[in-house]
Amino acid sequence: MAIYRLKAKCKDYLWGGEALKTRYNIEFSGSPLAEAWILSCHKDGESELLISGEKCSLPKYLEEHPEAKGILGNRFRDFPILIKLIDAKLPLSVQVHPDDAYAMANEGQPGKTEMWVILEREEGAFLYFGFKQEYTKDEVRKAIEEKRFTDLLRKVPVEKGDVFFIPAGTVHAIGAGILLAEIQQNSNLTYRVYDYGRKDKDGKERELHIEKALEVMQCKRAEESSVHLMRLVSCPYFTVDRIRISSGESYQREVGENSFLSAVLVEGSGKIGHTKESCGKSAPSLSESFLSAKMGDSFFIPAGEGKVDFSGEGEWILSYLEP
C-alpha cells in the first residue's frame, strides 16, 4: 500500500507554544514547538516516511520514485508544496515574501505564495493582513522608522475555520493565540519588516530585511479574503480542499496520474486507505490497506494510486496540483 505516514521536521522558534505536542500528536523533545513541517522537501527541514521499517526522507523517496509526484508535479524543478502546522503562542514578526521573479533574480530560489487555515484561536486573536489603504513606499518607510508600522496594517479578527490566501508581496503577521495550517510554495524565504524589538536566546534582536521588503511589498489596500468553502484555494502552486466527515460516513478520492495528494487530519480521528474494490497499483489487500489517523497526522499518497477512502469523524485538508 503506497499511503505513507509522514514524520514532521520541527522548529523551536521563540514565539511557539506546546499545543502541537499536546493536542496534535507531533513528536518533539524540545520546547517550545513553533512549527511542524508535516510535508516538506525543503533543505531546511525534510519530512520523513517509513518504508519497510526504515526511515527515508521525502526528497530521497521522490528522487527514486519521480512518478509519485505526478505529471504536474514533475513540471516543477523542485517539489512545489510545503505544509506546516504553526502554533503562535506569541505574535510572529511582520513580514513579506517575494514573488518568483524577484526571488530567483536576487536569492536564487523560488518566492513564496501561501495560505492559512485557522484551526484554533484564543479569545480576541487577530492577524495582520495587508494595508488599511494604499500608501507610498516613502510613507511605509517613515512608519517603519518611527516604529508605528503596524498602525498602517489591516487588523483582522479570526475564527476557527477561516481561510486566508496570501499572494507573494502581501505584508502579513500571525498574531498571538492562533494555531493554523499553512500550505505554501516550497520556499523558506522571508523578509522581516518589524519584530516588536524582541531578542533571541542570545540576547540579540533578530535581523530585519527592510530594504528588500520595501522592494517586494504591495502597498495597496488589502482585499477581503476569508472564506468558508470546501474548495479553499487554487493557484499554480497548490490547490487545497477541506472535507468534513461525520461518524458513519466516508469520502472517496481519486488520486490520478496528474498529481500526488497530501492529506492532513486537523480535527477528530479516522482512517485512510484503499477499499478492496479500489486498490491502487501497489495496495496489496483490504486487511493491509487502512491506516489509523489522529489529529495532526500527515499522509503522502503518490500519483496514480487510484481511489483512496477517508472514514471516521473529523476534518481533513487535502493539497494537490491542478492543470
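This is a chat between a student and a tutor about one predicted model.

Student: What kind of model is this, and how are the residues numbered?

Tutor: The model is predicted: local features need pLDDT of at least 70, side-chain atom pairs count only at pLDDT 80 or more, and totals for chains, interfaces and linings use all residues. Residues are numbered from 1 along each chain as its sequence is written, and side-chain values use heavy atoms, with hydrogens and water left out.

Student: OK, how many helices and strands are in the chain?

Tutor: The chain has 6 helices and 21 strands. Both are DSSP runs numbered from the N terminus: helices are H or I with at least four residues, strands are E with at least two.

Student: And what's the radius of gyration?

Tutor: The chain has 20 Å, which agrees with the value near 20 Å for a compact globule of 323 residues. The radius is taken over C-alpha atoms, and the globule rule is 2.2 Å times the number of residues to the power 0.38. Along the principal axes, the C-alpha atoms fill a box of roughly 65 × 40 × 40 Å.

Student: How much of the chain is buried?

Tutor: Buried residues make up 55% of the 323. Buried means under 20% relative accessible area, exposed over 50%, and partly exposed in between, with a 1.4 Å probe and protein chains only.

Student: What share of the contacts is between residues 24 or more positions apart?

Tutor: Among contacts with a separation of 6 or more, 77% are between residues 24 or more positions apart. A contact means heavy atoms within 4.5 Å.

Student: Changing topic. Which way do the residues of β20 point?

Tutor: β20 covers residues 298-301; S298 and F300 point one way, F299 and I301 the other way, and all are buried.

Student: Which strands does β20 pair with?

Tutor: β1 pairs with β20 in the antiparallel sense over 3 bridges. β18, residues 261-273, also runs antiparallel to β20, and 4 bridges join them. Two strands pair if DSSP finds at least two bridges between them.

Student: What stands opposite F299?

Tutor: R5 stands opposite F299, and A263 also stands opposite F299.

Student: Now pockets. What's the volume of the largest pocket?

Tutor: The volume is about 580 Å³. Of its 28 lining residues, Y13, W15, E35, R192 and R206 are the closest to the centre. A pocket is an open set of points on a 1 Å grid over the protein atoms alone, with protein on both sides within 12 Å along at least five of seven lines; a cavity is a set where a 1.4 Å probe fits but cannot get out; lining residues have an atom within 4 Å of a point. Points are joined across faces, edges and corners, and a volume is the space filled by probe spheres set on them.

Student: Which element gives the most to that lining?

Tutor: β12 gives the most to the lining of the largest pocket, with 3 residues. By class, that lining has 11 nonpolar, 7 polar and 10 charged residues. Ala, Val, Leu, Ile, Met, Phe, Trp, Tyr, Cys and Pro count as nonpolar, Asp, Glu, Lys and Arg as charged, and the others, Gly among them, as polar.

Student: What about the second largest pocket?

Tutor: About 470 Å³ of space lies there. Its lining has 22 residues, and R5, L6, K7, A8 and E48 lie nearest the centre. Two or more lining residues come from each of β1 (4-7), β4 (48-51) and β19 (290-294).

Student: How many cavities of 30 Å³ or more are there?

Tutor: The count is 1. The largest cavity holds about 50 Å³ of space, and its lining is I118, L119, K160, G161, V266, E267 and E315.

Student: Back to the backbone. Where is the cis peptide bond?

Tutor: The cis bond joins S31 and P32, with omega about -5°. P32 lies in the loop between α1 (19-22) and β3.

Student: Which residues have a positive phi although they are not glycines?

Tutor: K147 has a phi of about 55°, and Y196 has one of about 60°. K147 counts as exposed because its relative accessibility is 65%, while Y196 is partly exposed at 31%.

Student: Last one: is K201 buried or exposed?

Tutor: K201 is exposed, with a relative accessible area of 84%. K201 sits in the loop between β14 (191-194) and α6 (210-216), and Y196 lies in the loop between β14 and α6 too.
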